[in-house]
Amino acid sequence: MNKEEFIEEVNKLGLTLKEEQLNQLDQYYHLLIEENEKINLTAISEEKQVYLKHFYDSLTLMKAVSLKEVESLCDIGTGAGFPGLVLKIAFPSLTVTLVDALNKRILFLNKVIEELGLENICAVHARMEEYAKVNRDVFDIVTARAVAPLKELVEYGVPALKVGGRLIFMKGNLKEEELENMERVMNTLKLEKMKKEVFLLPIENSTRTLISFVKKEPTPNKYPRKYKEIKNYKW
């Protein structure tokens, strides 16, 4: 995907990027490639592939939610900043928290944030399950892209989400086994309205899946015995 194709496809998503935002993405790309020679940030480094599989792919979250109406977003296991940092560039009014367990990625993200002059965005060195213990019920959107199995992502994301907020996870071709017992998990974690949207990435036509949930009730500080049914439940 060259830059002209990128702009065209983003327009189809309902978003027109300003020249400043396009310049920020270009600067982001060059910082990514520069740092990728020192630390392993991504296996995808060719410019056209980065614009397709990282930048455009990150923006497809718009298929699940109108980000113009969202105030705060948390990106679990953000890696090199996908999708959270791309979404921040595209939606400057969005307050974004990028969470990752690897400090070298956080150092890279802070460098990008500083050089691009971005505000109301922070990169946090932490595991999400630990971060959520002290940041409960605060985000409108909690998202992640291809980080962990669906049940684990739901488990990690729920505590940090506001009541009425949405978990939106970005997957490739979602396997049916990831959806097994999700009804029980949803009941236990007080979630509703599981929605799945499947589409094809432009040009290469690879499958992408957005799966989302709405949080119905506040996250309790103490949990009944039934919460122990879910693997790794340690809030």
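In which sense do β4 and β5 pair, and over how many bridges? The two strands pair in the parallel sense, over 6 bridges, where pairing requires that DSSP finds at least two bridges between two strands, and where helices (H or I, at least four residues) and strands (E, at least two) are DSSP runs numbered from the N terminus. This is a predicted model, in which local features need pLDDT of at least 70 and side-chain atom pairs count only at pLDDT 80 or more, while totals for chains, interfaces and linings use all residues. Residues are numbered from 1 along each chain as its sequence is written, and side-chain values use heavy atoms, with hydrogens and water left out.

The pair of β4 and β5 belongs to an open sheet of 7 strands, whose order is β3-β2-β1-β4-β5-β7-β6 and whose pairing is mixed. At the edges stand β3 (121–125) and β6, each of which pairs on one side only. Neighbouring strands of this sheet are turned against each other by 15 degrees on average, direction ignored; axes here are lines fitted to C-alpha atoms, for helices over the stretch in contact, and angles run from 0 to 180 degrees between N-to-C directions.

Strand β4 can be followed to both of its neighbours. On one side, 3 bridges join β1 to β4, and these strands run parallel; here Cys74 has Val142 in β4 as its bridge partner. Val142 in turn has Leu167 in β5 as a bridge partner. Because 7 of the 7 residues of β4 are buried, this strand is largely enclosed by the rest of the structure, buried meaning under 20% relative accessible area, exposed over 50%, and partly exposed in between (1.4 Å probe, protein chains only).

At the other end of the strand order, β6 (residues 191–200) and β7 (residues 207–215) run antiparallel and are joined by 8 bridges. Among the paired residues, Glu197 stands opposite Leu210 in β7, and Lys196 has Ile211 in β7 as its bridge partner. The hairpin of these strands has 6 residues between them, and Ile203 there takes a positive phi near 75 degrees. Asn205, in the loop between β6 and β7, also has a positive phi, near 60 degrees, and counts as exposed because its relative accessible area is 51%.

Within strand β6 lies Met194, which counts as partly exposed because its relative accessibility is 39%. Leaving aside its neighbours within four places in sequence, Met194 is in contact (heavy atoms within 4.5 Å) with Leu179, Met182, Met186, Ile211, Ser212 and Phe213. Of these partners, Met182 is 12 residues from Met194 in sequence and 9.1 Å from it in space, C-alpha to C-alpha.

Helices also pack on the sheet. Helix α7 (residues 150–157) touches β1 (72–76), β4, β5, β6 and β7, and its direction makes about 150 degrees with that of β5. Since 6 of the 8 residues of α7 are buried, this helix is largely enclosed by the rest of the structure; the buried residues are Leu150, Leu153, Val154, Glu155, Tyr156 and Gly157. Helix α7 also packs with helix α8 (residues 182–189) at an angle of about 5 degrees, with their axes 11 Å apart. The two helices are therefore roughly parallel to each other, a description for angles under 35 degrees, with those over 145 counted as roughly antiparallel, 65 to 115 as roughly perpendicular and the rest as oblique. Their contact is made by Leu150, Lys151, Val154 and Glu155 of α7 and by Met182, Val185 and Leu189 of α8.

Another group of helices surrounds α2 (residues 19–36), whose 18 residues should span 26 Å at 1.5 Å a residue, in agreement with the 26 Å between its end C-alpha atoms; the expected span is 1.5 Å times one less than the number of residues. The buried residues of α2 include Leu22, Leu25, Tyr28 and Leu32, and what covers the buried residues includes α1 (3–12), α3 (47–59), α4 (84–90) and α5 (103–116). Of these helices, α1 and α3 pack at an angle of about 15 degrees, with their axes 10 Å apart. Lys3, Phe6, Glu9 and Val10 in α1 meet Glu47, Tyr51, Phe55, Tyr56 and Leu59 in α3.

Finally, two loops hold backbone features worth locating. The peptide bond from Phe82 to Pro83 is cis, with omega near 10 degrees, and Pro83 is found in the loop between β1 and α4. In the loop between α5 and β3 is Asn120, whose phi is positive, near 55 degrees.
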